[in-house]
Amino acid sequence: MWLSKGVKKPIFSLHLFLTLCLPISSVWATEPSPARQTELLNLLKNDCGACHGLTLQGGMGPALLPESLAGKPDELLVTTILEGRKGAAMPPWKPFMTRDEVVWLVGVLRGGKR
Ligand code: HEC
């Protein structure tokens, strides 16, 4: 009996604050968190690289190098990555990443960071 009284102290308030605020702030941010950036870069190398070549110089899929993408609008590339290309081997990545993350990835592909 005396034990259960002690448990009711509001010691969880900081935890509650963080669990409420962290997801909200990640919706506002357009840039993925550093941990998520690492995940996305690994995915780019392993999953995208399986078809586009490990160094993205092209394979079964076309090259994704800055010079190959130069003439292509962001919207086309973002939609291709999110939705895939019907009738081609390019799969949709919508289940695995958000539009903001795809926009960031396209920036990476354009040579912004890598
Ligand atoms: C199963 C093979 C495969 C995988 C995996 C794959 N792609 Fe593709 N991708 C293709 C093919 C094939 C095309 C060309 C589609 C066409 O002919 O229109 C393509 C096209 C594209 C294009 C359009 C290029 C252009 O020049 O118009 C982009 C951008 C792209 N892929 C990015 C990605 C990214 C980013 C990933 C990983 C998240 C990925 N792809 C994973 C096969 C793949």
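Among contacts in the chain between residues at least 6 apart in sequence, what share join residues at least 24 apart? The share is 49%. The model is predicted. The chain has six helices and zero strands.

**Overall build**
- Along the sequence, the pattern reads α-α-α-α-α-α.
- The chain has 114 residues, and 25% of them count as buried.
- About 8200 Å² of the chain is exposed. Carbon and sulfur atoms supply 68% of that area.

**Helix H3**
- Helix H3 covers residues 34–52.
- H3 has a kink of about 30°, and Leu44 is at its centre.
- Leu44 is also one of the buried residues of H3. The others are Gln37, Leu40, Leu43, Cys48, Gly49 and His52.
- An α-helix has 3.6 residues a turn, so residues three or four places apart point the same way.
- The cover over the buried residues of H3 includes helix H6, residues 99–109.
- Gly53 follows H3. The phi of Gly53 is positive, near 95°.

**The aromatic pair**
- Rings of Phe, Tyr and Trp pair if their centres lie within 6.5 Å. By this rule there is one aromatic pair.
- The ring centres of Trp93 and Phe96 are 5.8 Å apart, and their planes meet at 55°, so this pair is tilted.
- Trp93 is buried, because its relative accessible area is 13% and buried means under 20%.
- Phe96 is exposed, because its relative accessible area is 53% and exposed means over 50%.

Methods: Residues numbered from 1 in each chain as written. Predicted model: local features only at pLDDT ≥ 70, side-chain atom pairs only at ≥ 80, totals over all residues. Heavy atoms only, no water. Phe/Tyr/Trp six-rings, centres within 6.5 Å; stacked < 30°, edge-to-face > 60°. Buried < 20%, exposed > 50% of the residue type's maximum accessible area, 1.4 Å probe, protein only. Bend = angle between axes of the 7 residues up to and from the residue. Helix = DSSP H or I, 4+ residues; strand = E, 2+ residues; numbered from the N terminus. Contact = heavy atoms within 4.5 Å. Areas by Shrake-Rupley, 256 points an atom, 1.4 Å probe, with all protein chains shown as cover.
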